[in-house]
Amino acid sequence: MKNKALIILSVILLVASCSNDAKETVPKKKSTWKPEMDQPSELASIMRAMNTEALERKASLEVGELGKVSSDLIFNLITATPTEPHMKGPAFEPHANSFIKSYEAIGAAENVEGQISAHNNLVKSCVACHMNFCQGPIPRIEKLYIQ
Ligand code: HEC
């Protein structure tokens, strides 16, 4: 009985991780017991790091400085394990590959203007993949655009 309830609870939480964008900003009550399922998947961790990096790059570009790019960040994108298998269908890899191309263009940009347009292109690739696999974070991703 207890197991069944736990399974149902974890299914709800897993679905929420892809649909409820507000979840992360709600402060959690402090507790010494941390359930396993609170750990982000390998893919979700990469996503969070990419999101943070893109926010930092946006801030740099907005004050006229080139932003950082670290290809280590996206190295495991294609092989990373998602929270749920269905979060990575056959279209994942082509999206990831075009994303990686956009990412390389950011590193190749020689000036702020060029990097801003490469950055905005990258954000477009984030959104394109998310339309297929994980729509919850799209409003947050769209805030990464530089106007
Ligand atoms: C090739 C497809 C793809 C691309 C490209 C992509 N994402 Fe994701 N993203 C996903 C999938 C699938 C998940 C769900 C991962 C999981 O829960 O394991 C996800 C999850 C996320 C999450 C939620 C992570 C969490 O805390 O649960 C954020 C935020 C995110 N992506 C931001 C971005 C940003 C920003 C970019 C571009 C810099 C991006 N994504 C590019 C497929 C993609």
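Q: A nonpolar core is a set of buried Ala, Val, Leu, Ile, Met, Phe, Trp, Tyr and Cys residues joined through C-beta atoms within 7 Å; which residues make up the largest nonpolar core of this predicted model?
A: The largest such core has eight residues, namely Val69, Phe99, Tyr103, Ile106, Ala118, Leu122, Cys126 and Ile141. Two helices, α3 and α4, each supply at least two residues of this core. As a general matter, nonpolar side chains in soluble globular proteins tend to be buried together.

Q: Why is Ala96 called partly exposed?
A: A residue counts as buried if 20 or more other C-beta atoms lie within 10 Å of its own, and as exposed if 12 or fewer do. Ala96 has 18 other C-beta atoms within 10 Å, a value that falls between these two limits, and Ala96 is therefore partly exposed.

Q: Which residues does Ala96 touch, leaving aside those up to four places away in sequence?
A: Ala96, which lies in helix α3, touches Leu77 and Ile78. In the case of Leu77, the two residues are 19 positions apart in sequence, and their C-alpha atoms are 7.2 Å apart in space. The contact is nevertheless consistent with the 7 Å cut-off, because that cut-off applies to C-beta atoms placed from the backbone, whereas the 7.2 Å runs from C-alpha to C-alpha.

Q: What makes up the secondary structure of the protein?
A: The protein has five helices and zero strands, and from the N terminus on its elements run α-α-α-α-α.

Q: Which helices supply residues to the shell around the ligand, and what is the chemical character of that shell?
A: Each of α1 (2-19), α2 (42-62), α3 (92-108), α4 (112-133) and α5 (138-142) supplies at least two residues, and the largest share, seven residues, comes from α2. The shell divides into 19 nonpolar, seven polar and three charged residues. Of the 29 residues around the ligand, those that come nearest are Met47, Pro82, Thr83, Cys126 and Cys129; among these, Cys126 is also a member of the largest nonpolar core.

Q: How do you know where confidence in the model is lowest and where it is highest?
A: The mean pLDDT of the protein is 85, with 75% of its residues reaching 70 or more. On a scale that runs from 0 to 100, confidence is lowest in α1, at a mean of 54, and highest in α5, at 98. Over residues 22-26 the pLDDT is below 50, and this stretch has one contact in the model beyond near neighbours in sequence.

Technical notes
Residues numbered from 1 in each chain as written. Predicted model: local features only at pLDDT ≥ 70, side-chain atom pairs only at ≥ 80, totals over all residues. Near = placed C-beta within 6 Å. Helix = DSSP H or I, 4+ residues; strand = E, 2+ residues; numbered from the N terminus. Nonpolar A, V, L, I, M, F, W, Y, C, P; charged D, E, K, R; others polar. pLDDT = per-residue confidence, 0-100. Contact = placed C-beta atoms within 7 Å. Core = buried A, V, L, I, M, F, W, Y, C linked by C-beta atoms within 7 Å.
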